[in-house]
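Please walk through this model one selection at a time. Each stop says what to select and what is there.

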Amino acid sequence: MRSFVTTHVSWKPLFIGAVITGDDLMRLYFRSPERDRTYGVDVLISQVGPGLLGSLVSPAFLANEHLHQPSDDPHCDVLVDLTDY
């Protein structure tokens, strides 16, 4: 199993934290250096795997504004709901 630790690349989103928000829910936080904003990404804990985590470090994936929702979370500017991913 690979670690979720890597060398930071200045143009890639940076994972900055996670919070358990429900029985099978977790919010992952990413900081985008290109867009100067923080994303809160809601995922199902039972579905988090390499494919999902790999896609989240793609700048294009978080830049998809069709997935963005207004945030009421003081720790992020934008919410992305990936509970159906």
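**Stop 1: a loop aspartate**

Select Asp-36, which lies in the loop between β2 (25-32) and β3 (37-44). The model is a predicted one. Asp-36 is exposed, with a relative accessible area of 58%. Add the side chain of Arg-31: a polar contact of 2.5 Å joins it to the side chain of Asp-36. The pair also forms a salt bridge, with the closest N and O atoms 2.5 Å apart.

Now show the C-alpha atoms of Asp-36 and Asp-77. They are separated by 9.6 Å, although these positions lie 41 residues apart along the chain.

**Stop 2: Arg-31 and its other partners**

Keep Arg-31 selected. Arg-31 is partly exposed, its relative accessible area being 28%. Which residue forms a salt bridge with Arg-31 at 4.0 Å between the closest N and O atoms? The partner is Asp-77. This pair links distant parts of the chain: Arg-31 is in strand β2, and Asp-77 is in the loop between β4 (68-70) and β5 (78-81), 46 residues apart. Asp-77 counts as partly exposed, at 46% relative accessibility.

Next add Thr-38, which has its place in strand β3. The side chains of Thr-38 and Arg-31 are joined by a polar contact of 3.0 Å. Is Thr-38 buried or exposed? At 9% relative accessibility, Thr-38 counts as buried, because the cut-off for that class is under 20%.

Show the surroundings of Thr-38. Leaving aside neighbours within four places in sequence, Thr-38 is in contact with Ile-16, Tyr-29, Phe-30, Arg-31, His-75, Cys-76, Asp-77 and Val-78.

**Stop 3: a salt bridge between two strands**

Select Asp-42 and Arg-27. Their side chains meet in a salt bridge of 2.6 Å, N to O. The pair links distant parts of the chain, with Asp-42 in strand β3 and Arg-27 in strand β2, 15 residues apart. Asp-42 is buried, with a relative accessible area of 16%. Arg-27 is buried as well, at 13%. Side chains of opposite charge can pair when their charged atoms come close.

How many salt bridges does the count come to? The count comes to four salt bridges. Return to Arg-31 and Asp-77, which form a salt bridge with the closest N and O atoms 4.0 Å apart. Then add Asp-73 to the current selection: salt bridges that share partners join Arg-27, Asp-42 and Asp-73 into one network.

**Stop 4: the sheet**

Switch to a cartoon view and colour by strand. What is the order of the five strands in the open sheet? The order is β1-β2-β3-β5-β4, with mixed pairing. The edge strands are β1 (14-20) and β4, each of which pairs on one side only. From one strand to the next, the twist averages 30°.

Select β3 and β5. These strands run parallel and are joined by four bridges. Pick Tyr-39 to find one of the partners: its bridge partner in β5 is Val-78. Further along, Val-41 stands opposite Val-80 in β5.

Now select β4 together with β5. Here the strands run antiparallel, and three bridges join them. The bridge partner of His-68 is Val-80 in β5. Val-80 therefore appears in both selections, opposite Val-41 and as partner of His-68.

In a regular strand the side chains alternate between the two faces of the sheet.

**Stop 5: the nonpolar core**

Select Met-26, Leu-28, Phe-30, Tyr-39, Val-41, Val-43, Leu-52, Leu-56, Leu-62, Val-78, Val-80 and Leu-82. These twelve residues make up the largest nonpolar core. Which elements each supply at least two residues of this core? They are β2, β3, α1 (50-56) and β5. In soluble globular proteins, nonpolar side chains tend to be buried together.

The bridge partners Tyr-39 and Val-78 are both among the core residues. So is Val-41, along with Val-80, the residue it stands opposite.

End on Leu-52, another member of the core. Apart from neighbours within four places in sequence, Leu-52 is in contact with Val-43, Gln-47, Leu-82 and Tyr-85. Of these contacts, Val-43 and Leu-82 are listed in the core.

Note on methods:
Residues numbered from 1 in each chain as written. Predicted model: local features only at pLDDT ≥ 70, side-chain atom pairs only at ≥ 80, totals over all residues. Heavy atoms only, no water. Buried < 20%, exposed > 50% of the residue type's maximum accessible area, 1.4 Å probe, protein only. Polar contact = N/O pair within 3.5 Å; in protein donor to acceptor, adjacent residues only side chain to side chain. Pairing = 2+ DSSP bridges. Axes fitted to C-alpha atoms, helices over the stretch in contact; angles between N-to-C directions. Contact = heavy atoms within 4.5 Å. Core = buried A, V, L, I, M, F, W, Y, C linked by side-chain atoms within 4.5 Å.
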